[in-house]
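Visitor: I have a structure open and no idea where to begin. Could you walk me through it?

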Amino acid sequence: MSKATVILSIFLVFALAAIGCHHPKPDVYVKPDDTFSVVGSVHEMNIYPEATPEFPEHQGKAEFISYCAICHSLRYVSTQPDFPAKTWQAEVDKMIHKYKAPIDSVTGAKIAAYLVAIKGKK
Amino acid sequence: MREKIFLFCFIAVAACLSLLSCDNPGAGNTAPTLVKFPEKKDMVLVTDRPPQLETPLKMLRMDITPNDYFFVRWHLSQIVTKIDIDTFRLRVGGATDNAVALSLNDLKTKFPQDSIVALAICAGNSRATFSPRVPGSQWNNGAMGNAKWKGVRLRDILLKAGIKQGAVDITFQGLDRAPLPATPTFVKALIVSHALDSDVLVAYEMNGQPLPMLNGYPLKLIVPGWYATYWVGELATINVLTDTFNGFWMKKAYQVPATGPNESPDNLAKNTVPISKINLHSIFVEPDTSEQVFANKPCLVEGLAFDDGTGIKKVELSFNNGKTWTDAILNPELGKYSWRRWKYTWTPKETGIYRLCVRATDNNGKTQPTRQWNRSGYARGFIEHLDVNVN
C-alpha cells in the first residue's frame, strides 16, 4: 500500500465518522405541492394526511383509539409529557364534560388507565 | 501526482471540518417531526387534526415571519378547506340597525383600508417549557409570528351595520366546527368599546398576500396586543349582543388567575378571568442548542421582546446566571404591536458552560419576574435562560 493510499484511507475514515455523528434529519412526511389550488374564485386545500404514531399495547388501547380519535388526532397524546394519574383522569373528564365526548364513566376510566400506562408519571 | 494527492487531502480535510462545524446538537436531542402542509414549508408538527404547526426557531430570526412559516393553531378539527370567494360573505347582525353581508370585494372597495404590523402569539406559546409540565398543545417558542396585516377596521364595519343602544359584547365566529355537534363552537367576544378601537382589523391580507387557508383565509380578526385566541380565522359571523357573552371559549377555556398568569400548583387560584393582553416577555432565538460557540470568538446572541403595545424600553442580558446585566442593542421599532428584535455580540473568554438570561423592561418601567407558573401554561413571561456550552 502506498503512502498516499494510507493517507487517503485515514481521511476517508474521518469523513465517514463525521457523517455518522451528524445531525439526524427530521422526519418530513408530506410533499404537498399539489395540495392547494386556486381555480377561478375557489380556494381549496386538500385534506392533509394524518400520520398516526404507534401506541404501545396495553389494556384500554382499543377504547383510547376509537373514542379519542373521533375529535382529534392521537398525536395530541403522543406529544404530551408524562403526567400523574390525577392529571390524565382530569383530561378525560374534560373531554367528557366540557367537550361532550360520548364516553361513559366506565370507558372513561379505561382510557385514563391506558394513558397512565403509556404516559404516567412515576 | 503528488500535487493531486495534496489537493485531494486538502479537500478531504475541508469536507471533514465543514461537516463537524455545522449543526451538531447534543446527544439525546430528538429532532422534531417536520411536516409540509398546504401553503406551508417545513413546520414543526404539534398535531395534525386539527392542524397545529409551530414555526421552527430559526425562522423567528427576522422582522416579519413569512406566511409559509407562520404558525397554525385551530381548536376544532373540521376546518373549512374549500372557499368560493364569490359566494363567501361576512355577516354582521344581532343588535344592529341593519344586518349586513359583506363580500371580500365589498371590504376591499367600500371601506377605508388600513394595515398594521402586529405580533400574533398563541396564549399557550412556550407551554412545553413550564415546570412542572402542564397538559395542552406542547408548543415551544414558535407559536408566534410577526406580520403586516391589511384589511378594514372592525370599527368601520360595525358603524356600517349600526350598533344599537345597549350593546355590550361583540362575538366573532369562524367557519370551523367540531365533529360532534354537542362540542362548544369556537366563538370569542370583545366588549363594544374594544371592538370600536381603531387598531382592531378584519384582515384579508397578510404580508401582501391573501391569508393561507391554514391561517384563516379569507378573513381573520386582528386584535393587536391581545393573545391570538381572539384572532378568529375563517371569520364569517359577527354578532352584536346586548348581554355579556357567556360562551364556553370565553368563560371556561382560556382562563388565567384574576391576579395575573401566576399561581402555585399546590394552591390554584379560585378566581379566574379570560386571558387578554400579551404579557411582557423576551426570548432567545440565537444561538440554539445545535450551534457551537467558541471561546475568544464573537458569537451573535439574538432574540425577541414583546408585550401588549406598551413598548419595549430596554432588554438586558446576563452571561453569569443573573449576577450582572448588560444592555442588548434594540433593533428599530416596526410598530407598537410588533415584536422588537434585539441582539448582542458576545465574546466568551473561557470555555465552559455559561447560563445566559434575558429580561425586558417596558415603557412603564415594568420588568419580568424570575418565576411563573399556571395550570394551563398561558402567558409565559418570566426571565428565560439559555445554557451555552463554549468550546
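Guide: Start with burial in chain A. Buried residues make up 34% of its 122 residues. Keep in mind that this is a predicted model.

Visitor: What is the secondary structure of chain A?

Guide: Count the elements, then read their order. Chain A has five helices and two strands. Along the sequence the pattern runs α-β-β-α-α-α-α.

Visitor: What share of the contacts in chain A joins residues at least 24 apart?

Guide: Take the contacts between residues at least 6 apart in sequence. In chain A, 56% of them join residues at least 24 apart.

Visitor: And the surface? How much of the accessible surface of chain A belongs to carbon and sulfur atoms?

Guide: The accessible surface of chain A is about 7400 Å², and carbon and sulfur atoms hold 63% of it.

Visitor: Which elements of chain A have the lowest and the highest mean pLDDT?

Guide: Check the whole chain before its parts. Chain A averages a pLDDT of 82, and 71% of its residues score at least 70. Among its elements, helix 1 (residues 3-20) of chain A has the lowest mean, 52. Helix 5 (residues 105-119) of chain A has the highest, 98. Residues 15-24 of chain A have a pLDDT below 50. That stretch still has 13 contacts in the model beyond near neighbours in sequence. Where pLDDT is low, the predicted coordinates should not be read in detail.

Visitor: Where is the pLDDT of chain B below 50?

Guide: Again, average first. Chain B averages a pLDDT of 92, with 92% of its residues scoring at least 70. The pLDDT is below 50 over residues 3-29 of chain B, a stretch with 30 contacts beyond near neighbours in sequence. For the model as a whole, the scores are ipTM 0.87 and pTM 0.88.

Visitor: How many helices and strands are there in chain B?

Guide: Chain B has five helices and 25 strands. Next, weigh its radius of gyration against the globule rule. The value for chain B is 23 Å, close to the 21 Å that the rule gives for 391 residues, so chain B is as compact as a globular protein of that length. Its C-alpha atoms fill a box of roughly 85 × 55 × 40 Å along the principal axes.

Visitor: What do burial and contacts add for chain B?

Guide: Buried residues make up 56% of the 391 residues in chain B. Of its contacts with a separation of 6 or more, 70% are between residues 24 or more positions apart. Chain B exposes about 16400 Å², with 51% supplied by carbon and sulfur atoms.

Visitor: How far apart are the mean positions of the positive and negative charges of chain B?

Guide: Compare the two centres. Chain B has 44 positive and 36 negative charges, and their mean positions are 1 Å apart.

Visitor: Now a single helix. Which residues are buried in helix 3 of chain B?

Guide: Helix 3 spans residues 154-161 of chain B, and its buried residues are L154(B), D156(B), I157(B), L158(B) and A161(B). Look just past its end too. There G162(B) takes a positive phi of about 80 degrees.

Visitor: And a single residue? Why does R359(B) count as partly exposed?

Guide: Place R359(B) first: it lies in strand 24 (residues 352-362) of chain B. Partly exposed runs between the 20% and 50% cut-offs. R359(B) counts as partly exposed because its relative accessibility is 22%.

Visitor: Which residues is R359(B) in contact with?

Guide: Skip neighbours within four places in sequence. The contacts of R359(B) then include K314(B), E316(B), W325(B) and I383(B). For a sense of distance, try K108(B). K108(B) and R359(B) are 251 residues apart in sequence and 41 Å apart in space, C-alpha to C-alpha.

Technical notes. Residues are numbered from 1 along each chain as its sequence is written. Chains are lettered from A and ligands numbered from 1 in the order in which they are written. This is a predicted model: local features need pLDDT of at least 70, side-chain atom pairs count only at pLDDT 80 or more; totals for chains, interfaces and linings use all residues. Side-chain values use heavy atoms; hydrogens and water are left out. pLDDT is the predictor's confidence in each residue, from 0 to 100. Helices (H or I, at least four residues) and strands (E, at least two) are DSSP runs, numbered from the N terminus. Contact means heavy atoms within 4.5 Å. The radius of gyration is taken over C-alpha atoms; the globule rule is 2.2 Å times the number of residues to the power 0.38. Buried means under 20% relative accessible area, exposed over 50%, partly exposed in between (1.4 Å probe, protein chains only). Accessible areas come from the Shrake-Rupley method with a 1.4 Å probe; for residues, only the protein chains shown count as cover. Lys and Arg count as positive and Asp and Glu as negative; His and the chain ends are not counted. The place of a charge is taken as NZ of Lys, CZ of Arg, CG of Asp or CD of Glu.
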